[in-house]
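Here are some exercises to work through with the coordinates open. Try each one yourself before you read the solution.

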Number of protein chains: 2
Amino acid sequence: MGELKIQVMNDELIEIITKKIKDIIEKNDKFKMNELLNSYYPIDVAEVIDEFEDSEIINFYALVDDKEISDILEQADEDLQVRMIDLIDNYRAIFIFSHMSNDEVVDILGNLPINKRKTLFKLMKESELRTIQSLLGYDEDTAGGIMSTEYIALYEDFSVEEALRKIKKIGPRSEVIEVLFILNRKRQLIGIADLRDILIADDDVKLIDICEKNLITVAPETDQESVALLVSKYDLKVIPVISKKNSLLGIVTVDDVIDVIVEENTEDILHMAGVSEGETINGSIGGSIKKRIPWLCVNLITAFLAAITVSMFESTIEQVVALAAAMPIVTGMGGNAGSQTLSLTIRHIALGELSLKNDWKIVFKEICIGLIHGLVIGLIAGSILYIKYGNIYLGIIMMIAMTVNLIIAGITGYLVPLILKAAKVDPALASSIFVTAITDIFGFMIFLGLAKMFISYLI
Amino acid sequence: MGELKIQVMNDELIEIITKKIKDIIEKNDKFKMNELLNSYYPIDVAEVIDEFEDSEIINFYALVDDKEISDILEQADEDLQVRMIDLIDNYRAIFIFSHMSNDEVVDILGNLPINKRKTLFKLMKESELRTIQSLLGYDEDTAGGIMSTEYIALYEDFSVEEALRKIKKIGPRSEVIEVLFILNRKRQLIGIADLRDILIADDDVKLIDICEKNLITVAPETDQESVALLVSKYDLKVIPVISKKNSLLGIVTVDDVIDVIVEENTEDILHMAGVSEGETINGSIGGSIKKRIPWLCVNLITAFLAAITVSMFESTIEQVVALAAAMPIVTGMGGNAGSQTLSLTIRHIALGELSLKNDWKIVFKEICIGLIHGLVIGLIAGSILYIKYGNIYLGIIMMIAMTVNLIIAGITGYLVPLILKAAKVDPALASSIFVTAITDIFGFMIFLGLAKMFISYLI
């Protein structure tokens with residue numbers, strides 16, 4: 001025992017497990033293999049398998065119990081899951097699925113090629129097939145897509161004694177046992193009961209009298225991000241998913257919610273910079289290029305728009321070439337100030353605290369901040385230019401251009417993601433590229449435009 | 001019942017609750033007030049209280065039970081917690097604390113001014129005080145800082161029957177009951193038991209025989225981010241915090257982990273753009289300026305470095321003014337490509353998948369991507385310049401400069417956050433400002449430097 005030092009230990013751990021497994025495969029020792037797997041976590045074993053050749057995986061399967069394979073399969077990433085299923089006998093796959101919870105099976109089936117999926121469907125039991133097909137009907141980013149159907153539901157008129165008997169029976173197959181779902185005889189969800197309350201209540205108390213009726217629930221179509229917000233805001237252990245007629249369709253547990261939060265945060269950070277989801281830092285070069293180049297092309301267009309803006313003032317720059325050196329200061333500061341507001345806005349949207357109608361007061365606030373920042377930063381930058389080039393007008397033009405551009409930066413950093421959101425586009429999606437484009441174009445235009453107007457003072 | 005539409009309903013809901021509470025305060029109706037509070041979630045009530053005047057909060061307190069106040073206090077944000085405690089009688093505060101879990105009390109006490117905290121300490125019971133003071137000893141970003149001491153610990157030689165009796169007794173005061181902690185008679189943690197297994201086991205089975213002994217634990221000093229990574233990677237419901245001698249100090253539950261993940265992600269997104277943590281989009285203007293201006297000043301320095309680079313080539317620009325229009329294309333694309341790599345790197349670091357020693361293969365990969373992107377984007381940009389200005393050499397220079405700058409972008413986007421991390425600085429901290437500075441300076445230098453070298457072909 002002792003603390004697991006994740007980062008440092010992981011690489012070594014993987015190496016150790018790899019060596020042990022390969023040894024056992026060679027010796028063809030079924031008993032040793034299952035003993036070994038019992039002493040490591042399935043997620044670590046999955047990382048090992050990921051590096052195996054197809055033939056090694058097949059040899060590995062031959063020595064491992066269905067239950068162990070199902071544990072590893074649950075923890076494997078999508079690509080590995082598809083590969084693992086592909087290498088397994090179809091009949092055995094069905095047995096392995098029977099050890100997994102329905103939502104996991106659905107996730108795996110959803111990623112398989114359609115023909116493989118149909119083949120497996122044909123081998124499944126009628127009753128399982130119905131649940132799985134109904135779960136497959138929901139979009140994977142919704143409550144229906146991430147919910148599980150392994151929960152304990154009890155009728156409201158059950159006594160505590162009956163309830164405890166049921167819990168002992170169903171408990172082992174259920175994802176959550178601390179929270180029990182109370183139904184009326186029409187099978188509508190009317191409350192939830194805490195196992196603690198059941199444990200301390202007298203044997204003949206009815207469940208209806210100890211359950212909590214003030215519930216937070218979601219519909220199967222609810223976006224997974226909203227589900228995560230509710231669970232995290234109200235510190236829920238589990239949230240029920242119900243139909244329009246109040247029947248209980250499934251539950252979303254807090255560990256599913258953690259996965260959602262991590263996934264959505266990754267999306268936000270990558271999308272802001274124009275990286276498509278699904279790219280990993282150690283994936284293939286071709287894959288990375290395919291995912292990044294579209295946004296670089298968008299950026300190329302905005303960069304040319306900025307260049308065209310500058311080229312409109314070529315004659316002005318020809319007369320006062322110091323402008324060429326000074327102009328990136330205006331646009332650089334605008335880009336950074338815009339990113340500051342942008343990152344705050346995107347974060348508040350992700351936490352469910354902002355929408356477009358929310359508050360024009362914030363726009364006003366960003367204008368004030370841009371004004372004050374612009375005057376301060378503009379004064380410093382203008383003074384330095386004055387000292388360097390000995391021309392007070394160049395300094396004043398810098399100060400005005402900086403102020404106006406930082407105001408524009410504040411407004412766009414706030415509005416761009418909100419407009420994207422209102423248009424039902426991910427607010428983080430390349431918003432940084434758009435904000436920078438706006439501050440670049442306006443920055444050049446204002447600074448060089450003012451210089452052109454007052455060119456006689458600058459020469 | 002029915003789905004709670006968070007975003008849209010929240011503002012209206014807050015208004016409704018505010019009105020109802022104010023009405024009841026006016027009527028001075030204690031019964032109605034507690035009835036009302038029972039039908040809303042404490043976190044929503046906390047949002048209402050946040051908008052109250054001090055005098056209104058005092059009137060509110062007079063009508064509300066200690067338990068209700070403790071629920072609201074737990075859900076309030078830090079500022080409101082301090083304000084609420086400040087407005088409450090010290091003796092009553094102790095009673096209110098007795099309804100809260102120790103880790104919550106510690107969080108609140110940690111935020112109070114030192115004098116207020118000491119006054120409250122004097123009123124506390126000796127035994128409580130000891131736990132709380134030992135918890136206060138841990139840094140709030142560590143496992144010790146976020147752990148709770150409300151768990152169920154049972155001795156290994158207990159029978160299932162004894163265990164169930166204990167669980168019924170302690171369960172209601174415990175944060176988690178699905179997982180029970182098994183100690184030996186030296187009070188060292190030797191395993192955890194799942195309540196499911198206890199429920200289905202025979203009465204006389206000993207706990208030692210049904211508990212899981214292969215444990216993942218953390219030390220109290222473990223960084224909260226590492227704790228969150230472990231819980232999310234291994235899908236744990238709870239993780240034990242143990243001392244060097246293996247005694248159980250506390251537990252971190254999955255809902256604490258969600259808060260950590262949300263907090264750390266917010267930090268990452270804001271830090272990348274140079275926004276200090278703790279700033280909110282609707283905070284005061286003065287507060288925002290104080291938090292953002294330091295990074296704008298850092299950015300001003302890097303912007304001047306870029307400007308100085310350009311100014312070194314003023315005579316070159318004077319001869320071919322088209323260079324001034326074309327040069328932002330090189331730096332703009334470099335900045336964007338750098339941000340793409342940067343955001344991927346930061347995300348992988350946050351997920352615990354990267355460290356500096358990790359892989360020079362990735363640097364090589366980023367160089368290849370930069371090379372290919374640079375050639376493609378450079379060819380497009382160069383061709384457009386050639387068409388516009390009719391000079392093939394200008395196009396070739398653009399292509400070379402773009403290629404070199406995108407390679408630099410890839411390398412810095414990968415290395416800057418890893419170097420910050422190795423230096424024990426948050427890898428997201430203003431990394432975007434540094435990467436942009438490097439791509440700006442090198443972009444200008446390479447493009448204008450090449451132009452200067454081949455100036456005779458450009459005129």
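**Exercise 1. Find out which residue with a positive phi follows helix α15(A), and describe the helix itself.**

Solution. Keep in mind that this is a predicted model.
- Step 1: go just past the end of α15(A), and you land on G274(A), with a positive phi near 80°.
- Step 2: now check the helix, which covers residues 254–272 of chain A, 19 residues in total. From first C-alpha to last it reaches 27 Å, close to the 27 Å expected at 1.5 Å a residue.
- Step 3: look at burial. α15(A) is mostly covered, with 15 of its 19 residues buried.

**Exercise 2. Take N246(A) and N28(B), find where each one sits, and decide whether each is buried, partly exposed or exposed.**

Solution.
- Step 1: check the backbone. N246(A) has a positive phi of about 70° although it is not a glycine. N28(B), not a glycine either, has a positive phi of about 55°.
- Step 2: place them. N246(A) is in the loop between β4 (238–242) and β5 (248–253) of chain A. N28(B) belongs to the loop between α1 (6–27) and α2 (30–38) of chain B.
- Step 3: count neighbours. A residue is exposed if 12 or fewer other C-beta atoms lie within 10 Å, and buried at 20 or more. N28(B) has 11, so it is exposed. N246(A) has 17, so it counts as partly exposed.

**Exercise 3. Describe how α8(B) and α10(B) cross, and say which residues make the contact.**

Solution.
- Step 1: get the geometry. The axes of α8 (residues 102–111) and α10 (residues 126–136) of chain B come within 10 Å and cross at roughly 65°. The crossing is right-handed.
- Step 2: list the partners. From α8(B) come N102(B), D103(B), V105(B), V106(B), L109(B) and G110(B). On the α10(B) side you find T131(B), I132(B), L135(B) and L136(B).
- Step 3: sort by class. The contact has six nonpolar, three polar and one charged residues.

**Exercise 4. Work out how chains A and B are related, and what their contact is made of.**

Solution.
- Step 1: superpose. A rotation of 180° with 0.1 Å of shift along its axis puts chain B on chain A, at an RMSD of 0.1 Å. That is the relation of a two-fold axis.
- Step 2: count residues. The contact takes 105 residues from chain B and 105 residues from chain A. On the chain B side, helix α18 (residues 322–350) gives the most, with 19 residues. That side divides into 62 nonpolar, 27 polar and 16 charged residues.
- Step 3: compare the two sides. Since 100% of the interface residues of chain B are also interface residues in chain A, the copies meet through the same surface.

**Exercise 5. Compare the settings of F304(A) and I372(B): which helix holds each one, and is each buried or partly exposed?**

Solution.
- Step 1: F304(A) lies in helix α16 (residues 285–311) of chain A, while I372(B) lies in helix α19 (residues 360–389) of chain B.
- Step 2: F304(A) has 21 C-beta neighbours inside 10 Å, so it counts as buried. I372(B) has 18 other C-beta atoms within 10 Å, so it is partly exposed.
- Step 3: look for partners. Among its contacts beyond four places in sequence, F304(A) touches I329(B) and I384(B).
- Step 4: check distances. The C-alpha atoms of I372(B) and L406(B), 34 residues apart along the chain, are separated by 9.1 Å. F304(A) and Y457(A), 153 residues apart in sequence, are 30 Å apart, C-alpha to C-alpha.

Note on methods
Residues are numbered from 1 along each chain as its sequence is written. Chains are lettered from A and ligands numbered from 1 in the order in which they are written. This is a predicted model: local features need pLDDT of at least 70, side-chain atom pairs count only at pLDDT 80 or more; totals for chains, interfaces and linings use all residues. Helices (H or I, at least four residues) and strands (E, at least two) are DSSP runs, numbered from the N terminus. Two residues are in contact if their C-beta atoms, placed from the backbone, lie within 7 Å. Ala, Val, Leu, Ile, Met, Phe, Trp, Tyr, Cys and Pro count as nonpolar, Asp, Glu, Lys and Arg as charged, and the others, Gly among them, as polar. Copies are superposed by least squares on the C-alpha atoms of residues with pLDDT of at least 70 in both. The expected span of a helix is 1.5 Å times one less than its number of residues. Axes are lines fitted to C-alpha atoms, for helices over the stretch in contact, and angles run from 0 to 180 degrees between N-to-C directions. A crossing is left-handed if the near helix is turned anticlockwise from the far one by less than a right angle, and right-handed if clockwise.
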